[in-house]
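Subject: Structure handover and findings

Dear colleague,

Please find below the structure that I am handing over to you. My notes on what was found in it follow directly after.

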Amino acid sequence: MNSRSRILIVDDDLGNIELIGQILGAEYDISFASSGKEGLELAMGQSSDLILLDVVMPGIDGFTVCRQLKANAATRDIPVIFLTSLESAVDEEFGLSLGAEDFIHKPVSPPVMLARVRNHLLLANTKRELKRHIDELELLVAERTREIVFRDRQLIATQSATITAFCALAEARDNETGNHIKRTQNYVRLLAEELSDHPRFRQVLDKETIQLLYKSAPLHDVGKVAIPDAILLKPGKLTPQEWVIMKRHCVAGRDAIVAAANELVDCSGSYLSYAAEIAYCHHERWDGSGYPRGIHGDDIPFSARLMAVADVYDALISKRVYKGAYSHEESVHIMARERGSHFDPDVFDAMLSIADSFDAIANRYRDDLLCPSFNTSK
């Protein structure tokens, strides 16, 4: 198999062709053309690794030949070295602007000719190898990207299925849930959007995080599945002893979500992390008097501080066996008395600024309306 590079010489002077052929013939296969037209035809019709091109020729000159070679996809990557007796720097600059790699001045020097040809063949080969490597890398990246997209779609589907299953379980146990899940989910999103420009929250409340909070919020009371029916469904106020048991739903919810996250190889920034925070800490109070840990202030995860406002507001406007439903105005007034004690002041202030939107959500998802299909993807 012939592995020698092929050099195409295009020159209207047969003496120059013969001389160059003698210089290069020992190392390379040589073909030649004696006019620009013939040179173009040969370049298009056969494989060449490098073209030595005279500038001054009758008919089609070397500059025109180079321009046409570089405009053609089949020949644009073939190195072109001009052969010229021109001494003008302007001519060289023009030739290089057309895409030529180099100039060799006549009369040619055999050592210079050999060195220039070897260097440009090596450079061209390196470029081809680099291009091949880049093409292979692009194919690999495209393949990996398709795999990642497919995996992410599967993960999203798994996440949504997990949320739906948890929420269905919670709804099956708690006869007071109704549209509470849908309402609190939308309250949390409204609060997060309102606070996304606040100096305390703008670093954490980007669009992706807001969507994760929206998806996580429905799991805030999933731990109630661990509470005995006699307490969970009791038609009246709980005794102090029963409250101790009821409060365990925070830990039970956190533990169930963390277990699911571990099975899903869930990462710390995913929706299940926020879901675990919310389930565990949404009954903590800003002044430290909440449960299960009694933490206070910014030690309470911001996700749980949002849910605390959403959950209390919804509890107030909703009818319970042990109380009637307060109006929107009454509920806001009652909550205002606990700004800075139960609620993060900035979060409560955000709720005040969008109180009308809270009222609209409460009316849209009233418990006396048929509960819409639960959809975590919106």
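**A salt-bridge network around R200**

R200 has a relative accessible area of 35% and is therefore partly exposed. Please bear in mind, here and throughout, that this is a predicted model. The salt-bridge partner of R200 is D346, with 2.7 Å between the closest N and O atoms. This pair connects distant parts of the chain, since D346 belongs to helix 14 (residues 345–353) while R200 sits in the loop between helix 6 and helix 7, 146 residues apart. D346 is likewise partly exposed, because its relative accessibility is 22% and the buried class is reserved for values under 20%. R200 and D346 also belong to a network of salt bridges that includes D298, R305 and D344.

**Other salt bridges**

In total, 19 salt bridges were counted. Two further examples are described here.

The side chains of D314 and R183 form a salt bridge with an N to O distance of 2.5 Å. D314 is part of helix 12 and R183 of helix 6 (residues 180–195), so this contact ties together parts that lie 131 residues apart in sequence. Are these two residues buried or exposed? D314 is buried, at 0% relative accessibility, and R183 is buried as well, with a relative accessible area of 2%.

The second example lies within a single helix. K37 and E41 are joined by a salt bridge of 2.8 Å, N to O. Both residues are in helix 2 (residues 36–45), four residues apart, which is about one turn of the helix. An α-helix has 3.6 residues a turn, so residues three or four places apart point the same way. K37 is exposed, with a relative accessible area of 52%, whereas E41 counts as partly exposed at 48%.

**The parallel sheet**

Five strands make up an open sheet with parallel pairing, in the order 2-1-3-4-5. The edges are formed by strand 2 (29–33) and strand 5 (102–105); each has a single partner strand, so one side of each is left without a neighbour in the sheet. From one strand to the next, the twist averages 20°.

Strand 1 (residues 6–10) pairs in the parallel sense with strand 3 over four bridges. On this side, I7 stands opposite L50, and L8 has I51 as its bridge partner. Strand 1 also pairs with strand 2, again in the parallel sense, over five bridges; there, I9 is matched with F32. Four of the five residues of strand 1 are buried, and the strand is mostly covered.

Strand 3 (residues 50–54) is largely enclosed by the rest of the structure, because five of its five residues are buried. Which residues cover the two faces of this strand? L50, L52 and D54 lie on one side, and I51 and L53 on the other; all are buried. Strand 3 runs parallel to strand 4 (residues 80–84), to which four bridges join it. Among the bridge partners in strand 4 are I81 for L52 and L83 for D54.

Two crossovers were identified in this region. Strand 1, helix 1 (residues 14–24) and strand 2 make a right-handed β-α-β unit. Strand 3, helix 3 (residues 62–71) and strand 4 make another right-handed unit of this kind.

**Cis peptide bonds**

The peptide bond between K106 and P107 is cis, with omega about -5°. P107 is located in the loop between strand 5 and helix 5. A cis peptide bond also runs from Y291 to P292, where omega is near 10°. P292 is placed in the loop between helix 11 (271–281) and helix 12 (302–317).

**A covered helix and a nonpolar patch**

Helix 7 (residues 207–216) is mostly covered, with seven of its 10 residues buried. These buried residues are T209, I210, L212, L213, Y214, K215 and S216.

On the surface, L137, L140 and V141 make a nonpolar patch of about 240 Å². V141 belongs to helix 5 (residues 110–173) and is partly exposed, with a relative accessible area of 45%.

Yours sincerely

Note on methods:
Residues numbered from 1 in each chain as written. Predicted model: local features only at pLDDT ≥ 70, side-chain atom pairs only at ≥ 80, totals over all residues. Heavy atoms only, no water. Patch = residues over 30% accessible without salt bridge, like charges linked within 9 Å, V, L, I, M, F, W, Y side chains within 5 Å. Areas by Shrake-Rupley, 256 points an atom, 1.4 Å probe, with all protein chains shown as cover. Salt bridge = Lys/Arg side-chain N within 4 Å of Asp/Glu carboxyl O. Buried < 20%, exposed > 50% of the residue type's maximum accessible area, 1.4 Å probe, protein only. Pairing = 2+ DSSP bridges. Right-handed = clockwise from strand over helix to strand, strands pointing away. Axes fitted to C-alpha atoms, helices over the stretch in contact; angles between N-to-C directions.
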